[in-house]
Amino acid sequence: MFPSPTTGRRKRRRTLLSRILSWMIVPLFVMWSIGIVITYFIAQNIANAPYDRTLASHLRLLRHEVEQQRVHEGVRLSESARTILEGDTDQTPTIWQILDANGHSLAGNADIPIPETWAYDIDQIRYRNATMQHRSVRVAYVWGGRDRDGVGFLAVVAEPGEARATLQQEILTGMLTPQLIILPLAAMLAGLGLTQGLEPLSLLQEHMRRRKPSDLSPIRDDLAPAEIAPLIAAMNNVLKRLAASLESQRRFVANAAHQLKTPLAGIRTQCELALRERDPALMGDSLHQLLVGSQRATRLVNQLLLLARAESIDDTVPRATESLDIRQLAQQCTTQWVQAAMDKRIDLGFDAADEPLPVFGNRTMIGEMLNNLIDNALLYTPAGGRVTVRAIGNGDDVALEVQDTGPGISPEHQNRVFDRFFRVLGNEAEGSGLGLSIVKEVAEHHQATVQFLPPGNHHDFDSGGTRIRVTFPRDNVPRTSL
């Protein structure tokens, strides 16, 4: 089944270079377009200014000429005035018209388009664009002139707009041509600069592609720019944690294989002995040893699975927010070990506060942690000894405590007993060395602390034995009771 084109487009990712160029080039072209519009109006004003000044000068000349005459007798311009208005041979002549207050033409070219509404501001020159004989013209007019008889008149002059348009086009060409050359060149230089600037990322990508899957050494950051140095530091941190995790798993697998080899070999040996025996009594002994070996292997496998489960919990994921009563959970776990304690003739007791002791956490994991503490205590406590489980509330802290009268753990070994498969030399008790490792993993996941306390400071215990306390922090205690 082939993926749809839509799915392919959705999975396509934009490169960092294209993203940066888009944010640079697109706003640049938008600003350039706005600049063209602004340049157009500026060029129009620049082109109109000198021609409007000339047109105003012709308008004042025409008004002065008319003021020296009587408009009802006709208007005759002087030779110098006609020369100025007609201009040079290569210039378009300025046409003119004289009108009275009612808009009636008194003299001049009657084809000049006159405004529909007049602005009768005395001596105020007005400009407007109009069309005359399908040609664009610029018209200027002023009111306030009076002839020799005192008759008021409106003086109007006009000139074609081709010269203005030509000048405007020349200005636009002169202003936009450099921009048309510089803008693509700037875009090319920006792309080239960004490509060169992102070259360290390409080198880093090629370096990572050439790496072997087993190479977890830190990435060199001596050639990297300062902007991606934090990224490389974060990647090195991930590689460091990954290397530590893989090394831990490698040691765990090697140790687990070594630990499982002994009980499995014993089970196979007992099976072979049982098959060869003909004496029912000897066969029964072999079967009993086979049962003991299978139980030992089962316990080891269960602890390995529990430890793997505890380690698989991601530290970045918030811990479970299930509210549970530590006192009730401790009592349930202790009850499950009563028969095992009676079989070994060990006095298993439970001591707890009268009120509930609520915490937030994973009920199953905390229960397994306590089970391993009790199992270790029963395993290393000789017959006739005592084991006490306590659920303690101390202010805002909640703690689980297991105390026994076993051989105890020397101070130099108290930190190492949390390592996997570590066992104190000379100890004859059967164990895998995983119980306290599980306790440590579960406690760290719940942000709890595990500590050894002096066993002799309790009123019902002698100075020997081991006393382990797991304390949950005060921020793990809910504000309300269960």
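Modeller: Helices (H or I, at least four residues) and strands (E, at least two) are DSSP runs, numbered here from the N terminus. The structure is a predicted model, and with these terms His134 can be placed in the loop between β3 and β4.

Biologist: Which phi value does His134 have, although it is not a glycine?

Modeller: Most residues other than glycine have a negative phi. His134, which lies in the loop between β3 and β4, has a positive value although it is not a glycine, namely about 65°.

Biologist: Is Gln133 buried or exposed?

Modeller: Gln133 has its place in the loop between β3 (126–132) and β4 (135–146), and its phi is positive, near 55°, in a residue other than glycine. The cut-off for exposed is over 50% relative accessible area. Because its relative accessibility is 58%, Gln133 counts as exposed.

Biologist: And what is the relative accessible area of His134?

Modeller: His134 lies in the loop between β3 and β4. With over 50% as the cut-off for exposed, His134 is classed as exposed, since its relative accessible area is 82%.

Biologist: Turning to the whole protein, what share of its 482 residues is buried?

Modeller: The protein has 11 helices and 12 strands. Among its contacts between residues at least 6 apart in sequence, 64% join residues at least 24 apart. Of the 482 residues, the buried share is 34%.

Biologist: In what order do the 5 strands of the open sheet stand?

Modeller: The pairing in this open sheet is mixed, and the twist from one strand to the next averages 15°. β7 (347–352) and β11 (449–452) each have a single partner strand, so one side of each is left without a neighbour in the sheet and they stand at the edges. Read across the sheet, the order of the strands is β7-β9-β10-β12-β11.

Biologist: Over how many bridges do β9 and β10 pair?

Modeller: β9 and β10 form a hairpin with 2 residues between them, and Gly395 in the turn has a positive phi of about 65°. Ala391 has Leu400 of β10 as its bridge partner, while Thr388 stands opposite Gln403 in β10. The pairing of β9 (residues 386–394) with β10 (residues 397–404) is antiparallel, and the number of bridges is 8.

Biologist: Which residue of β12 stands opposite Val398?

Modeller: β10 is mostly covered, with 7 of its 8 residues buried. β10 pairs with β12 in the antiparallel sense over 6 bridges. In β12, the residue opposite Val398 is Phe472.

Biologist: At what angle does helix α10 run to β10?

Modeller: Helix α8 (residues 326–336) lies across β7, β9, β10 and β12 (467–472) and runs at about 170° to β7. Helix α10 (residues 363–380) lies across β9, β10 and β12, and its angle to β10 is about 25°.

Biologist: Are α8 and α10 roughly parallel or oblique to each other?

Modeller: The two helices pack with their axes 10 Å apart, in a right-handed crossing. The contact includes Leu329 and Cys333 of α8 as well as Ile366 and Leu370 of α10, and by class it has 7 nonpolar, 4 polar and 1 charged residues. The angle between α8 and α10 is about 50°. Angles under 35 degrees count as roughly parallel, and α8 and α10 are therefore oblique.

Biologist: How are α2 and α3 oriented to each other, roughly parallel or roughly antiparallel?

Modeller: Helix α2 (residues 16–67) and helix α3 (residues 79–86) pack with their axes 11 Å apart, at an angle of about 155°. Angles over 145 degrees count as roughly antiparallel. The orientation of α2 and α3 is therefore roughly antiparallel.

Biologist: Which residues of α3 make the contact with α2?

Modeller: α2 passes α3 in a left-handed crossing. The residues of this contact divide into 4 nonpolar, 1 polar and 1 charged. From α2 come His58, Leu61 and Glu65, and from α3 come Ala81, Ile84 and Leu85.

Terms used: Residues are numbered from 1 along each chain as its sequence is written. This is a predicted model: local features need pLDDT of at least 70, side-chain atom pairs count only at pLDDT 80 or more; totals for chains, interfaces and linings use all residues. Side-chain values use heavy atoms; hydrogens and water are left out. Axes are lines fitted to C-alpha atoms, for helices over the stretch in contact, and angles run from 0 to 180 degrees between N-to-C directions. Angles under 35 degrees count as roughly parallel, over 145 as roughly antiparallel, 65 to 115 as roughly perpendicular and the rest as oblique. A crossing is left-handed if the near helix is turned anticlockwise from the far one by less than a right angle, and right-handed if clockwise. Contact means heavy atoms within 4.5 Å. Ala, Val, Leu, Ile, Met, Phe, Trp, Tyr, Cys and Pro count as nonpolar, Asp, Glu, Lys and Arg as charged, and the others, Gly among them, as polar. Two strands pair if DSSP finds at least two bridges between them. Buried means under 20% relative accessible area, exposed over 50%, partly exposed in between (1.4 Å probe, protein chains only).
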